[in-house]
Structures are given as C-alpha cells and as structure tokens.
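Let's take a walk through this one, starting at the contacts between chains and ending inside one of them. Keep the viewer open and follow along.

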Amino acid sequence: MTVATEEEKQPEKTLAEKETLAKKVALFYRVFSGSVLFGRKGTILWDSWEMWIMQIFITPPAEMAFFFLLAIAVYHDLTQAQFTVIGNAVQSMSFAAVFAVANITSQDKWQGTLQTLIVTPANRMALFIGRAMFQIFMSALITAAAFIYADFVFGINFAHANYLALGIAIVLTSVMMISFGLLISSIGLFMRTAMIVANIFLFLTMLVSGVNFPVQALPLWLQPVGWAIPMTYGVLAARGAIMGASVLSLGTILLKELIDGITVLFVGYFLMKGFERLARKSGRLEEY
Amino acid sequence: MVLSAKNFVADPQFVIPCIIAPFIFTMVSLFFIVSSSSNNVGASALLAAVLGGGLMGVWGTTVYGSANSIGFDRWNGTMEATLAAPSPLIWIVLGRVLWNTFIGVINGFIVLGIGMTWFRVGVGLLNPGLFVLATILTYVSMSSFGLMLSTVYVLSRKGGFIENSMEIPVYIATGTSFAVALLPFYALPISFIIGPTWGIEAIKRAAVGTAYAYGPLLPTGYWTDIAFMLVATLAYFALSFILFQRVETIAKKNGTIEEY
Amino acid sequence: MQVVEEPESAKSREEFAIEVRDLRREYVTRSFFGKSSKVTEALAGVTFDVKKGELFGLIGPNGAGKTTTIKILTTLLTPTSGRAFVMGLDVNRQIYEIRKRIGIVFGGERGLYNRVTAVENMKYFSDLYGVDPGISRKRIPELIHLVGLEGRENDKVEKYSRGMKQRLHIAKALVNDPELVFLDEPTIGLDPAGARDIREMIREMEKWGKTILLTTHYMFEADELCRRIAVISKGKIVALDTPSGLKKLVKDISVVELQTYGATESFVEKLKSLNDVIRVVADLDSERQFVKIQTPNAADVLTKVTQVADGVKIIDKSIKEPTLEDAYLRLVEE
C-alpha cells in the first residue's frame, strides 16, 4: 500500500523526500497501532456502562424476540422462528461494527478533531482500521452473547454445531462489516447525512441480508444489495456452522465474504480519498 | 413552547432514526405474511401489519423523541433556562411530547403509505369512524406515556438509556405487530398497564374487525378497550403531574440538572 | 496590486518558509435544490512572503480572509487560482510532504480529545505524524514543560480550563517538531493572564527558530509579537510592513482618549461632527465609557470636547500617540 497518492503526482522528488518501502511499512504500523490503542480510549460511545448493558443485554435479545414472536404469529412454526433467531444473532453486530465505526468520524466532526486529523500525514487506511479495531472486538463480543441467548432463551439446538466454523464466521463478519463503517465515514467527510445513513444501516440488514428470510425472497432489484453486504454471507455461514458444517465446507461462502468485504473496504478507502479532495475543494470539511 | 420543540424535531438527524426500525420491522412482517399466504391469509392480516408499523412509527418517535428533546436541552445547557421558565415544567414538556408524538403520527403515516404501496394493501377500513376515534385517543395516550417517561430524563441523563432501550420492548409489549398473547405470562401484566396497548387493540378492531392483540386471552370489545385506555391515560397524567412536582423540587435541590 | 513574480530560483525557496502569489479563493454556495448559486470571493489575489524563522502576523476583520489563507497554506483547502508554497513545497501538489513539516493551532476549545489525557492526546498525534517513539518519549515532557502543564498532564482534558486547553493545543501542534507553525487566533476567548502565557510561549517558539504565522484580533498582540504584519481586508492585503512601519501611516494624527460617565450615542455623534475629527471609537456598554477620537489637531479637539459634553461627565482625558490599532482601523475602513 502506498502512503499517499498525492505524492505520486509530484513532478520531481529530492532524495530526502523519498521514503523506502520499509519506512513506509513502519509508518503505516505506527499509525495503525497508535490508533488501535486510541480507538478504545478516545471513543465516547462506549464510555457509559449503560451503553454496554443496552447493546449486550437489551437490544440484541429484544430484536431476536421481536422477530421470533413475529414468525411464530405468522407461520405458527418453531423452525421458521428459529431461522430468524440465528439471523438476528449475527445481525446484532451492526451496532458495533457499522454504527459505532461510522460514529467515530462523526464524533471527530463535532468535537472538532477531524480537521486536526486531516492535516496529519497519517495514512487514512491505517488510521481508520486502527480506530475501528475496538469496535471489531465489541462486535464479536455482542454477537457471541447473542448466540448464548439463541441457545438458552430461544432453544436453538447447538448439538451439532461446529464452534470453530461459527467463531470464524462471527469474527470474519465483524471485521468485514467495518468496511461499511468506512464507507459511511467517507460520506461523513462531505455530507452531514452520514449518521442517518448509519442509522438506516443499523436495521437495513434485517431486511436484505437473509437475516429473517432468504435473500431470494426479496424482489430481484433488491437482491444485489443483499449480496453486496458481507453480513449476508456471514449469516449463511453461521446457519451452516450451527448445523455442523466444517470450515472447509463453508470455504466458498467465507471466501466470497472476504472478497466482498475487501472490495467494499477499497471502495470506501478511495471514496474517502475522493471525498477528502472534494472537501478541500469546496471547503466543507468542518461543517456537519 | 411548540416552537422550541420544533427546533429539535425538524432536524432530519433526529426524526429519521425513529422511522427506520418501524419501517424495516413492518417490511419484514409483510414479507413473512406474503410468503406464508399460500393458503391466503388475506388482506386483513396485511392491513393489520401496516397499521402495526404505523403505530410503531408513532411509538418510536414518542419514546425516543420525548427523551431526546430533554436530552437536547442538557447538551445545549438550556436545561436550566427551561427549568427557570415561569410556566411549570410539565406544560413545557407536555408541549414537546405532544409535538413529538404528532411527528410520530406523520412518521406512522409514512410507514403506512410505503407499506401499502409496496405490498398493495387495500384501505378497506371496517369502521372508519371508530378507527379515527381510537387513533386520536391512542395519540393522546401515547403522549401521556411519553410525558411520564420524561420525568426520568429531567432528573438524570441515564433517562436516555432507559428510554432508548425501551423502544423494541415497547413494540413487542403493546402488540403492534403480533398478539400480546404470544408473550410469556409474566410479561402480560406489563403490556396490560401500558394504555396504548388497548388503543392499538381498538384501532385494529375498528380496522379489520378481529380481536387481534389478546386473541382468545381476553375477549374484550372495542369500547372496553377504549375504556381501559382512558383509565390508564388519566392515571398517567395524574402520575406525571405528581412526579413533575417532585422532580422539579429534587432537581433544583440536587443540581443534577447541570450535569449534562 | 503588486506585480506577481513567480518564485522559481532555488535561492528563494531556501530563504522563504511561505510564498504566496496572487492567491484567490471563491466559495460557491448553492441553494437547497442547486438551482441558484452564489459566489463569494474570500481571497481576491493575495501575495506575500514569510522568511524562515520569522514571526509573521496576519490581521484583519472577521471574514477578511485570514482563516481561508491559513486553510490553504495548511492543505485543508485548495485555492481557486494563484500559487502558494510552504517550505518550498506546492500546497496543491505536495500535500503529504507539507503536512509532515507544519504544525497548526486552531483557536477555541474544540479540536482535542476530551476523554483522554494531555499526554495521550500528544502521544496519539505523535504516532499520526510518524514520530519515532524514542523521540516522542523525550519530546512530550519537554513540550508539557514549555506550555506549563506539568502536574496536570495525566488528567483528562475535559477537566481542563479554557486556557489549559489552549496551551495543550500548542504543545500538540509541536509534537512533530514542525519548522513552520500556524497559530489561528490562539488567544481568542482567553482571560488576560491566559493570553499573556500564550504570548510568552509564542516568543519561546520564536527563540527555538520556528517560523510562525499568527492571526489575531488583538492589535496590541500583533504589535508586541510580530516582526512583520500583513493587514488583510476584503480578501486583499492592504498593507504589509513592520509594526512601526504600519504606525507611521498614522503619524499625522494623534488620539484623544476620554473616560466618561453617561456617554450616549448622541454624544458620540456630536464628537464626530467636530472639526478635524477623523474617527470616533466608543465602547458604550460598560458603566464607564472609553472614547477614542482620532484627529490631526488633538489640542483643539480636547478643548472642544467639554463644550459638547452636555451632561456627560468626563472623568479623564488625555492625548496619546497613535497605536497599531489606529493604523489598522484606517487601513481596514478606507
């Protein structure tokens, strides 16, 4: 990864300005590790214990219960209801993996630190993913808790579950979902509507990612939206893992998720670069 | 009074979040109904579902909005100014809550409209007159509930936590999307004492005719529903009045209003 | 306007920290539906140089273009036209290189992470600037010492006073040992003692050999600190000189200063209508009012003041030499 695209456009470079690859990697790592440490401490969102309680103990089981009961009411069928339970257990990561990640930039905006971040030479990818690391951890934690509810409250049968495959599906999905956090953050550099988008994203996956019913049941035009979101594959993989599928047999799904997530990550990264340039042109950086 | 509330509510950043969850939840329930209706569940179930979605829209904005309009005061440091205003706090907050709930009604209509268009749900109301009456009374009842909730918020910023985490449980408990009878027995008393539960029941009764929320559990009728709701609503107003008097004294004494 | 000369010789690049040539910036504001648009010209052709190691002031009224200039020079904004070089690097193209070598202090309380300590703020920005940890471990305590935050450096920033936050802003701007520091209204909103401390730090930074570009609202501050000052008004530089050079612009006048009790608008109007009065600046808000009258004929005006007093009690009156503020007012208003 190059440190700056602007640099490439320089007409001439003096020797001192040139950076060796090793130095670039070291710089990337410093920005990344510094941001990892800062990601927890500097983020207001998880500062209050109420937020922890709400996001781990209240919202996930409430959402799971809503769709569980809704499915019972409509289908009168426990299997259908349990289908939604697993989907919503994975979906419960949305808050940490997407909303909280998008919130980082938004928080930087209203406390006025975004400008000071932008004027640093730090690599944006290292900065962003580093800051998001804590949210990845929270995301996996919340989802793990949700699967415990799935077992004890909603009676999902874990007898055949392949825990390794389930664990990999949860962690991979947590990591890959931050790509949408980045995407929304990029929008936030330029538009004030970013948190609205983040709010929509908090629930959108319930509809389009096969959480409550298969993606194939969606109207045709909406299905690509589902397949563009890594969670869609994550939900499939989690269902497979609970039925006992091995990591290897879920390989294709997980690989698709990986490719999808990385693609979105790069789209988000270049969008961020583009929006940064656009914001410099229009002078809208510190508005929100 | 209403103007100050407008400042807050008019911002799409605050309004839109309240409509997303109800919208998505309604869409999912419509997908459920459509996919299960090989045996023809019929128009009434679809209508009940979109109505439920609309009611969630109102609820969400009431619960979330009444909490946050006061939270907004805390942020801006105008809480003290609000407390120092010559009119009693309860009237100021009531104004905001009524306004928020009204925005909620608009939110509800949006959810309703989209749901109806997308799934081509018919508007054939069984009894339009009773439907309108029940809707208006439910609006008042939801406002009274919001008013009562907001006392918590005047006292402490933790109120936001309580109210935010109540959103989905309230959808479940008041039978917006499915019968309350599905809930475990220990949850039933909670939904019985929430006034709007009865209103939602009455609205659905007037719209599609079937006793939706309680099912076989409590074979009540439209007017009993209304009566139960009115009792609950009056109780909320009375309770709010008492709570606000106490809260105002406590808040002024402890100075907890200043901590944002 | 001055003739625009392209800075091209290698020598000029070595000598100057900042070179600005006919810099222009327009803002386009669109209405909600994007149908009509309005173009505001924030910078209408600005040219100046700042030498390495110089403490350079940029003063002007609100909206004159100070912040726009700083934003362009700090790579936060692209100019509509014209060129600007920072440490010989093009602000349009060598963004990354420039960012590594400059430090910025934005005025006001915002822009710090409140939930963490001063040291954590500085450590994080050191990482973002790619400062070697070994160096930053030594540098951060030094900077904490410079800004006088010892003993409080491990407190969360949210507990800091306004003045302490501002000092931390300065320390944070120096974590990458920048050659050039931008200070955008660093004393705004501070109490007199806090502002004095900040000025002391600015002097210290100058001693360290840093080039400093300072914008300020306070004329005495610019007078006290800056080697050279550019006065910017309506997007243009209307004067660029040393403080004493600028004051020479108003050497033909002196200032009658009054301290009054009960002065009103009509009193100010009467003063304005007196012969030889160029400008009256009055602060009528406090219990005692301070009125400054610019005039080429101070002795004459001084005697006439009592004639128009009409119930206004004049507590004190004196004749003063014109200050930078008088020069500034003349430049900005004419």
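A salt bridge here is a side-chain nitrogen of Lys or Arg within 4 Å of a carboxyl oxygen of Asp or Glu. Keep in mind, too, that what you're looking at is a predicted model.

With that in hand, go to where chain C meets chain A. The count between these two chains is one salt bridge. Which side chains make it? They belong to C:Arg99 and A:Glu276, at 3.6 Å from N to O. If you want to find the pair by element, look for helix 12 (residues 251-282) of chain A, which carries A:Glu276, and helix 3 of chain C, which carries C:Arg99. Over all chains, the structure holds 28 salt bridges.

Polar contacts add to the picture between chain C and chain A: twelve residue pairs, with both partners at pLDDT 80 or more. On the chain C side, strand 1 (16-30), helix 3 (95-101), strand 6 and helix 4 (118-128) each supply at least two of the residues that touch chain A. Sort that side by class and you get 18 nonpolar, seven polar and twelve charged residues.

Now for the extent of this contact. The size of an interface is often given as the accessible area lost when the parts come together. For chain C and chain A, about 3700 Å² is buried, and carbon and sulfur atoms give 57% of that. Three tyrosines stand out on the chain C side: C:Tyr96, C:Tyr113 and C:Tyr124 lose the most area to chain A, together 20% of what that side buries. In residue terms, 37 from chain C are in contact with 43 from chain A.

Next, swing over to chain B and chain A. Here the contact takes 32 residues from chain B and 36 from chain A. The two chains bury about 3000 Å² between them, with 85% of it on carbon and sulfur atoms. How many salt bridges are counted between chain B and chain A? Zero. As for polar contacts, one residue pair is counted, again with both residues at pLDDT 80 or more.

Which elements of chain B touch chain A with two or more residues? They are helix 2 (12-36), helix 3 (43-76) and helix 7 (158-173) of chain B. Helix 2 of chain B gives the largest share of that side, 16 residues. By class, the chain B side has 23 nonpolar, seven polar and two charged residues.

Finally, step back into chain C itself and look for its open sheet. Six strands run in the order 6-7-8-3-9-10, and the pairing is mixed. At the edges sit strand 6 (102-106) and strand 10 (236-241) of chain C, each pairing on one side only. From one strand to the next, the twist averages 15°.

Along one edge, strand 10 of chain C pairs with strand 9 (residues 228-233) of chain C in the antiparallel sense, over five bridges. Within that pairing, look for C:Ile232, which stands opposite C:Ile237 in strand 10 of chain C.

One helix to pick out against the sheet is helix 7 (residues 192-207) of chain C, which touches strand 3 (55-59), strand 7 (180-184) and strand 8 (211-216) of chain C. Its direction makes about 155° with that of strand 8 of chain C.

Conventions. Residues are numbered from 1 along each chain as its sequence is written. Chains are lettered from A and ligands numbered from 1 in the order in which they are written. This is a predicted model: local features need pLDDT of at least 70, side-chain atom pairs count only at pLDDT 80 or more; totals for chains, interfaces and linings use all residues. Side-chain values use heavy atoms; hydrogens and water are left out. Two strands pair if DSSP finds at least two bridges between them. Helices (H or I, at least four residues) and strands (E, at least two) are DSSP runs, numbered from the N terminus. Axes are lines fitted to C-alpha atoms, for helices over the stretch in contact, and angles run from 0 to 180 degrees between N-to-C directions. Contact means heavy atoms within 4.5 Å. Buried area is the accessible area (1.4 Å probe) that two parts lose on being put together, summed over both. A polar contact is a pair of N or O atoms within 3.5 Å; within protein, one must be able to donate a hydrogen and the other to accept it, and residues adjacent in sequence count only if both atoms are side-chain atoms. Ala, Val, Leu, Ile, Met, Phe, Trp, Tyr, Cys and Pro count as nonpolar, Asp, Glu, Lys and Arg as charged, and the others, Gly among them, as polar.
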